[in-house]
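Hello,

Here is the structure I promised to pass on to you. Have a look at it first, and then read my notes below.

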Amino acid sequence: MTDAIKVPLMRVSHVSKTFGHVSDGILDPWLQKLRLTRPSALTRAVDDVSLDIAKGEVVGLVGESGCGKSTLGRMVAGIMEPTAGQVLVNGQDLKTLPRHEAEAARLKIQMIFQDPYASLNPRMRVRDIVGESPRLHNMVSARGLDQYVSEQLERAGLSASLRNRFPHQFSGGQRQRIGIARALAVAPDMLVCDEAVAALDVSIQAQILNLFMQLRAQLGLTYLFISHDLGVVEHLSDRVVIMYLGRIVEQAPVAEIFSKPNHPYTQALLAEIPKMRDRKKVFSIIKGEIPSPLNPPAGCHFHPRCPHAMPRCRAEVPLLKAVAGGHLSACHLNDQT
Amino acid sequence: MSQPVTESAVQAVIAAPRPSLFRERLADFFSSKRAVIGFTLLLLLAFGSVFAHWLTPQNPYDLMQLDILDSRLAPGSANGAGTYNYWLGTDGQGRDLLSAILYGLRISLTVGVGSAIIASVVGTVLGVLSAYAGGRVDSFIMRTVDLMLSFPSILIAMMILAYLGKGIGNVILTLVILEWAYYARTARGQALAERQKEYVEAAKSLNIPQWRIMLRHILPNCLPPLIVIGTLQVARAITLEATMSFLGLGVPVTEPSLGLLIANGYQYMLSGQYWISLFPGVALLVTIVALNLVGDRLREIFNPRRQR
Amino acid sequence: MSTTPLLQVRDLRTHFMTRAGQVPAVDGVSLQLESGRILGLVGESGSGKSVTGFSIMGLVDEPGRIVGGQILFKGQDLLHLPQQQLRRLRGNRISMIFQDPMMTLNPVLRVDTQMIETLRAHEKISRKDAWEQSRDMLGLMGIPSPEARLSAYPHQLSGGMRQRVAIAIALLLRPDLIIADEPTTALDVTIQSQILSEIQKLSARYGTALIWITHDLSVVAGLADDLHVMYAGKIVEAGTVDQVLDNPQHPYTQGLIQSLPANNVRGQPLRQIAGMTPNLLSLPAGCAFASRCPRRTAVCDTMPELDELAAGHRVRCYHPGAVPEMEVAL
């Protein structure tokens, strides 16, 4: 292990995702000329994002509605294609690889979804849900399948005796475990958790989070942990990335981002989190609504709500620059010093 | 208002193991008296038509067995040889109506169920394909569906049957051409909704091939409304076939279905020999009602918003 | 200065008669609320906290039924009030805010129509005055350009804005009591903060009492005066916010507090409560939490009562006490 530069397990490079381009029918150009219809509105869900994730890291991705974190997560997991930019797994763009290699690479990154009720096929038995893909990709023989599925379920904290049941017979937390077993069954290197515990009760959340940590230690997994809950992110992550309206606004190791937040949005976010220790708290400082991604503000997306906004912020998009070792922030205020 | 209240209270109940979904639905179905009645009637009718050969004294399609001298006899009269009674009377060709109805039912049910099954397979596959493929394929299939559904069915049926000629096979083909569109449209709607769900995304992430996602994942979840439509379509197909036969297209004269029996008896209505049209008519009515009762109940149990 | 508390709930029982059996969603809940105080009702799914709120509002429909207890609002028992009088109270003196603002808002009516209707249903005022009051209330809720918002339809507003409108409607008639069922759970942190701030200000201004139903201890910590923790249809711990959060006595409360990531050491496994949420159809005869409790003994097979440990601090437990050893089972 003496390489000078380690290739990151996952790299997204200048990735963007635009929605809303409805394929126009034959008549549309004419209708538009006659002003009877308008061209479809475009939403830039993800806007020129670049991010590296090293093997074994846990990266927490935080942001509010419309920030694009779920979309970015899906592009990382290979479920969605970026409109621009590249997604590199172990340094390779999957599109350039021959088919079976690309498939194998895609299996390396799996996703755990938010909704325990919609993320499992209600018509399939648990053993089929977990065993379908490994069997299809010949990771296990037909004879060994039952044993293999049982092992995966046990690893996720579920009794193997439940494998013949249907999803509706399980609670929310158990269903998330089934989803985790399904992901583990294809021997991934990385898990993208998209608000994986948000829909669960607090006492179950702790169980599932502990499971994630245990799997990380046991299997050396890498995580992209997407959440709006900063408390959870602080507990699990090595590094935290903050997104706002499609762009990364700040990135830093976890201790640093909570002790020395640089970007005004991060500062506001941290100040707003309710903490149990506060009593009779006087809430709030940050004004304004989160703008719609259909019509984002010009320049820095945050400037309408920023207490330190300058004229430059309206005109120019701030670039992500280093403010300390491993700590990046996209704010014009940093240029003042 | 009670929906969220009920849900929040009953949430924790779900943790307990429950019987399989199928058995639950089955119990649900039979909990309604009307459904039980409908289902029993259908069972009796199906039984009667399948075992018609053993149940009836006469094979009405075998011209050798018919005695023209026995035509238009009132219900309850004995036949010429005195071996059995015509419990429901005879028609213009001397057919025992009871036998004719049972044999005719067989044709009606075969045509109805047969066309429904074939149309549902064709329509569902096209509908799911349309939803999954999107774009031009979707547009093309759906515009064809719109076209099919915008013409009055009787008109099209008449045109096709006039061209093809008589015969049960032709009737089934015609009905399939008319019916597939209903299934396609419904299947497409369901498939579109299912396609958004996260388990489909998970399947993609797990590299499950597209065709398998369509058939093994999305399709089974589209079935509930299709089952409901299927049941009601059987009723519709039977009615349509009866109409065609009544109009003289459809089944051959020597093997009358219920529709043809009704048509044949029409001319005798005013002279008082009502039974020739009435009894086949009642049989047809009972069949349709039974199918509708079952279809209605199915629609209720598959309705996700229902209060249990 | 009245000494009768604004709201007194005594031994409330709301049961659901489902095909699978009788679900005792709320099973003997008693609470008391003075004017101007904020009560936090905390619990997870199946605890009965939402059903308690719905019961007080009288919004429980079949298969649910209030099978026992009293709900005294300003001395009147709501359970024995004729429908007409109840309707005069609801929306007027007691209001409710839901998690989903679309449960309050009609998607096909404009905001001003809905607000004006609400006002005119309970008071005799002109449309013009009603419009002005609505606009003023939206302004108080921190909504910029309220006139423009008034002529909008709900779907034209963002989630946070909709919730603010729903809350504005709840406050329009200056009710004495507001029951809020997880109103900010689905909202972003920055929006949640704004809304909590508005509610705090307005309730202080009008002296409105508030029952805040949530699973989020942190939110309620900053907002409430009193805190009740519910489990399996019963209150297991009650007291002031300081008492319950700084000195929790019930193992469930302690477990909840300890499982919050913020209360754990980074990188160490989170302290968690073993076992699963209770099945309300098959509750044991004794303490419902016993199967998950590290302090369980034989006496826990009988139902403990809500005992007063210190002034105003009540616990339903045979073994109340400071921090136990919580399992870190995985």
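In chain B, α3(B) passes α12(B) in a left-handed crossing (left-handed means that the near helix is turned anticlockwise from the far one by less than a right angle). Please keep in mind that this is a predicted model, where local features need pLDDT of at least 70 and side-chain atom pairs count only at pLDDT 80 or more, while totals for chains, interfaces and linings use all residues. Residues are numbered from 1 along each chain as its sequence is written, and chains are lettered from A in the order in which they are written.

Back to the two helices: the axes of α3 (residues 33-50) and α12 (residues 275-301) of chain B come within 8 Å and cross at roughly 135°. Helix α3(B) is therefore oblique to α12(B) (neither under 35, over 145 nor 65 to 115 degrees). Among the residues making the contact (C-beta atoms, placed from the backbone, within 7 Å) are B:L41 and B:L45 of α3(B) and B:A290 and B:V294 of α12(B).

On to the contact between chains A and C: 35 residues come from chain A and 37 from chain C. On the chain A side, α7(A) gives the largest share, 9 residues.

Lastly, A:V76 is one of the residues with the most contacts inside the largest nonpolar core, which has 158 residues (buried Ala, Val, Leu, Ile, Met, Phe, Trp, Tyr and Cys joined through C-beta atoms within 7 Å; buried means 20 or more other C-beta atoms within 10 Å). Among the residues that A:V76 touches are A:M10, A:I109 and A:L224.

Best wishes

Methods
Buried ≥ 20, exposed ≤ 12 C-beta atoms within 10 Å, placed from the backbone. Contact = placed C-beta atoms within 7 Å. Helix = DSSP H or I, 4+ residues; strand = E, 2+ residues; numbered from the N terminus. Axes fitted to C-alpha atoms, helices over the stretch in contact; angles between N-to-C directions. Lists of a residue's contacts leave out its neighbours within four places in sequence.
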